[in-house]
Each structure stands twice: as C-alpha cells, then as structure tokens.
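Me: I am new to this structure and should be grateful for a close look at a single part of it. Please begin with one residue and its setting, and then place that part within the whole.

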Protein chains: 2
Amino acid sequence: MEELFSKVLQISVRCRDSEERKTSIRISIDLHVTSPVHKRDLRVKLTDDKDPFFLFKLSISEEDFQSLKVQQGLLVDFASFPQKFIDLLNLCYSEQESENPRFLLHISCQSSVLDGPVALSVVETNAFKHLNHLSLRLVQGSDKEIKEYLALCLSSLKAEKQLLEQNLQKTEDNLSRQLSYAQQ
Amino acid sequence: MEELFSKVLQISVRCRDSEERKTSIRISIDLHVTSPVHKRDLRVKLTDDKDPFFLFKLSISEEDFQSLKVQQGLLVDFASFPQKFIDLLNLCYSEQESENPRFLLHISCQSSVLDGPVALSVVETNAFKHLNHLSLRLVQGSDKEIKEYLALCLSSLKAEKQLLEQNLQKTEDNLSRQLSYAQQ
C-alpha cells in the first residue's frame with residue numbers, strides 16, 4: 001500500500017432536509033497493488049479525526065475507472081488520475097481559509113443523516129456557474145471495515161506514543177547531564 | 001460504568017485437537033448500572049493487548065446470577081460475587097510466575113481455533129484433584145462490539161499521548177530554565 005495523500009479538508013455537507021454545514025474531514029488516498037497479478041486499486045477514504053466511527057470509502061480498479069472516465073468525461077488515464085485528483089484536493093486545501101473559495105469540496109447524501117452512499121464532489125465556483133470537476137460515490141464502512149480501520153489507527157498511535165516516551169526519556173537524560181555539568 | 005478489575009493474566013488455553021498453550025490475556029470486570037431502573041450488570045471482558053480483534057465477553061444480570069448460583073453451587077449473593085471473583089483472579093495473578101501454580105485460569109473452546117463461545121474457569125490443583133471454583137461462558141465480540149471496544153482504546157490512548165506530550169514540554173521547559181540558571 002502506498003499512501004498518496006492524507007489531509008484534513010473543509011467540506012460542505014448537505015443531507016436531505018437539512019441546512020448545509022461545514023465540517024473537517026480527513027481525505028486519504030492510497031494505491032493498493034495486489035501481487036502477483038499486479039492489479040492496482042485506488043482507494044479513497046473519508047474519516048473524521050474526532051469521530052472514530054466515521055468511515056466512507058471507495059475503491060477504483062482500472063476497469064471501474066474506464067466507466068468513471070466515460071461517465072464524467074475525464075481526459076486522463078488511470079495512471080495519471082490520482083495526481084490530478086490530488087491537485088484538485090490541494091486547490092481546495094489552499095483556499096479553505098478564504099471567505100469565498102473558488103474550489104470547494106461537497107458531500108451530498110440522499111438521507112437526512114450522513115449514512116448510506118454519499119457523493120463527494122470537487123466544485124469550482126466562478127462568476128457564471130458551479131463547475132463540477134469530479135464526483136465520486138463513496139459508501140459507508142461496515143462494522144468490520146471500521147473495526148479494521150480502528151485497529152490500524154490504534155497501532156500507529158501506539159507507535160507514536162512509544163516514540164514520544166523514548167523522546168521524553170532522552171530529553172530528560174540529556175538535560176540532566178548538561179545541568180549536572182553546568183552546576184560543577 | 002465502574003471498573004472493578006483490569007489485569008493481564010496468564011491463561012492456559014485448550015482448543016479442540018490442539019496442544020494446551022499458555023497466553024497472556026487481559027481480564028476486565030466492570031459494573032454497569034442502568035438508570036433509572038437501577039439495573040446492575042456485571043461485565044467480564046477478555047482482551048489481548050497485542051491483538052486488537054481479540055474480544056470475548058459476558059454480561060451477568062442479577063437474574064442471570066441466580067441461575068449461575070444454582071448451577072455452580074455458589075454460596076454468595078450478586079452483591080458480593082464480583083469481589084469473590086476478583087479474589088480468585090488475584091490468587092491466580094499472584095501465582096502465575098510460579099512453576100506449579102495452585103490456582104490457574106483455563107480457557108477451553110469446542111472449536112479448533114479460539115472463536116465461538118469459550119469457557120473461562122478458575123481451577124485449583126491440589127495433591128488430590130483439580131477443583132473448579134468457577135466457570136463462566138463468554139462469547140466472542142461481534143464486529144460492532146470490537147469496533148466500539150477499539151474506539152474506547154483509541155480515545156484512552158489519545159489521552160495518554162496528550163499527557164505525555166504535555167509532560168515532555170514541561171520537562172524541557174523546566175530543565176532548560178534550570179540549565180540557563182546554572183550557566184549564569
């Protein structure tokens with residue numbers, strides 16, 4: 001698995017019968033290569049650093065991409081699609097503090113709360129209209145998928161904590177040594 | 001929820017058609033009180049600090065306890081049962097480094113791997129025989145339950161990490177201040 005992108009982005013969320021609201025969601029993009037057939041899948045994941053149960057995901061194989069390409073009139077191939085998508089996300093990221101961002105991410109869902117499938121869109125707003133650059137359909141993670149995602153979070157958090165403990169120990173040792181030297 | 005016990009204990013595991021093996025399992029005991037009816041449930045949980053997907057659990061209500069009491073010939077009531085159970089676990093804990101522990105925990109399961117229901121027993125071995133002090137039937141956690149358990153682990157680990165970060169900052173500040181004072 002190769003991580004291509006992972007950032008917290010401002011997303012405008014619209015559910016059925018609800019006011020539009022802004023929220024911070026982490027978007028991660030990974031490339032999974034299955035050996036030995038060398039099948040490549042692009043995986044898009046939406047998570048919320050504050051809500052462990054929030055998980056929406058999409059896996060795009062090369063075949064899936066062909067229909068996406070036709071359906072949305074894309075002009076790139078599967079190999080260059082990830083970088084183009086990341087470029088769009090970075091455009092949104094760079095403008096998210098602005099009052100009137102030109103590029104904005106949207107999530108829309110058919111039900112009144114965020115569950116079931118959602119559409120994630122990158123929308124450019126100019127003086128004339130809203131231009132939809134890309135729209136992807138993500139489904140909510142199952143209990144099993146959320147369980148696996150949380151186990152991964154837990155293991156990386158454990159590693160971070162261990163590093164921090166070592167750091168604390170090293171800092172204490174270092175400074176105590178310098179202190180006893182200075183006090184001599 | 002009131003946590004009554006949480007310790008890593010050596011447990012002897014026997015599955016069908018497999019050799020008996022020893023493993024370290026965390027046993028946690030909590031008392032859940034549901035208001036407003038003031039219904040009390042004793043919850044027993046087996047987890048493995050090294051395997052995030054390992055979860056076996058049992059919930060004992062006051063009614064459940066009545067059948068357990070009859071079935072296993074217990075002489076205590078529901079209110080004093082948790083402490084008696086904890087006393088037994090502590091006996092096992094205090095002897096687990098010994099070569100021939102008198103009190104030992106056993107897990108047995110009908111299938112060849114650890115899934116499905118298991119029996120957790122506290123067994124005393126004397127010169128004459130094995131005495132079964134208590135035997136509880138635990139079921140494996142569902143994906144949803146494991147998901148919730150991992151979210152809890154994640155949140156407490158996050159809190160620990162945050163504390164550690166504050167600690168590191170404080171230690172650095174403190175020692176730098178002392179150092180600059182000593183160097184003057």
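Reply: Val122(A) counts as buried, because its relative accessibility is 2% and the cut-off for burial is under 20%. The model in which this value was computed is a predicted one. Val122(A) belongs to strand β6 of chain A, which covers residues 118-125.

The surroundings of Val122(A) may be described by its contacts. When neighbours within four places in sequence are set aside, Val122(A) is in contact with Phe85(A), Leu88(A), Cys92(A), Phe103(A), Leu104(A), Leu105(A), Leu131(A), Asn132(A), His133(A) and Leu134(A). One of these residues, Leu134(A), is separated from Val122(A) by twelve places in sequence, yet the distance between their C-alpha atoms is 5.4 Å.

The pairing of the strands gives this contact list its setting. Strand β6(A) is joined to β7(A) by eight bridges, and the two strands run antiparallel. They form a hairpin, with four residues making the connection from β6(A) to β7(A). Within this pair, Val123(A) has Asn132(A) of β7(A) opposite it. Asn132(A) is also among the residues in contact with Val122(A). As a general matter, side chains in a regular strand alternate between the two faces of the sheet.

Strand β7(A), which comprises residues 130-140, has a further partner in β4(A), residues 51-61. These two strands are likewise antiparallel, and two bridges join them. Here Lys57(A) stands opposite Val139(A) of β7(A). Strand β7(A) is thus paired with β6(A) through eight bridges and with β4(A) through two.

The view may now be widened to the whole of chain A. The chain contains three helices and seven strands. Read from the N terminus, their order is β-β-β-β-α-α-β-β-β-α. The radius of gyration is 21 Å, well over the 16 Å that the globule rule gives for 184 residues, so chain A is more spread out than a compact globule. Along the principal axes, its C-alpha trace spans about 75 × 50 × 30 Å.

Burial and contacts can also be stated for the chain as a whole. Val122(A) is buried, and 38% of the 184 residues of chain A count as buried. Of the contacts in chain A between residues at least 6 apart in sequence, 44% join residues at least 24 apart. The accessible surface of the chain amounts to about 11000 Å², and carbon and sulfur atoms account for 50% of this area. As for charge, chain A carries 23 positive and 27 negative side chains, and the centres of these two sets are 2 Å apart.

An exposed residue offers a contrast to the buried valine. Asp17(A) counts as exposed, because its relative accessibility is 71% and exposure is defined as over 50%. Asp17(A) is situated in the loop between β1 (2-15) and β2 (21-34) of chain A. Its phi is positive, at about 60 degrees, although Asp17(A) is not a glycine.

Chain B has an aspartate that may be described in similar terms. Asp17(B) lies in the loop between β1 (2-15) and β2 of chain B. Asp17(B) is exposed, with a relative accessible area of 72%. Its phi is positive too, near 60 degrees, and the residue is one other than glycine.

The strands of chain B that follow this loop can be traced through their pairing. Strand β2(B), residues 21-34, runs antiparallel to β3(B), residues 39-48, and nine bridges join the two. In this pair, Leu31(B) has Leu42(B) of β3(B) as its bridge partner. The hairpin of β2(B) and β3(B) has four residues between the strands, and His38(B) takes a positive phi near 60 degrees there.

Strand β3(B) is also joined to β4(B), residues 51-61, by eight bridges, again in antiparallel fashion. Two residues separate β3(B) from β4(B) in the hairpin that they form. Val44(B) is found opposite Leu58(B) of β4(B).

Strand β4(B) also holds Ser61(B). Ser61(B) is buried, with a relative accessible area of 6%. Residues up to four places away in sequence being left out, Ser61(B) touches Lys39(B), Arg40(B), Asp41(B) and Phe78(B).

Terms used
Residues are numbered from 1 along each chain as its sequence is written. Chains are lettered from A and ligands numbered from 1 in the order in which they are written. This is a predicted model: local features need pLDDT of at least 70, side-chain atom pairs count only at pLDDT 80 or more; totals for chains, interfaces and linings use all residues. Side-chain values use heavy atoms; hydrogens and water are left out. The radius of gyration is taken over C-alpha atoms; the globule rule is 2.2 Å times the number of residues to the power 0.38. Buried means under 20% relative accessible area, exposed over 50%, partly exposed in between (1.4 Å probe, protein chains only). Contact means heavy atoms within 4.5 Å. Accessible areas come from the Shrake-Rupley method with a 1.4 Å probe; for residues, only the protein chains shown count as cover. Lys and Arg count as positive and Asp and Glu as negative; His and the chain ends are not counted. The place of a charge is taken as NZ of Lys, CZ of Arg, CG of Asp or CD of Glu. Two strands pair if DSSP finds at least two bridges between them.
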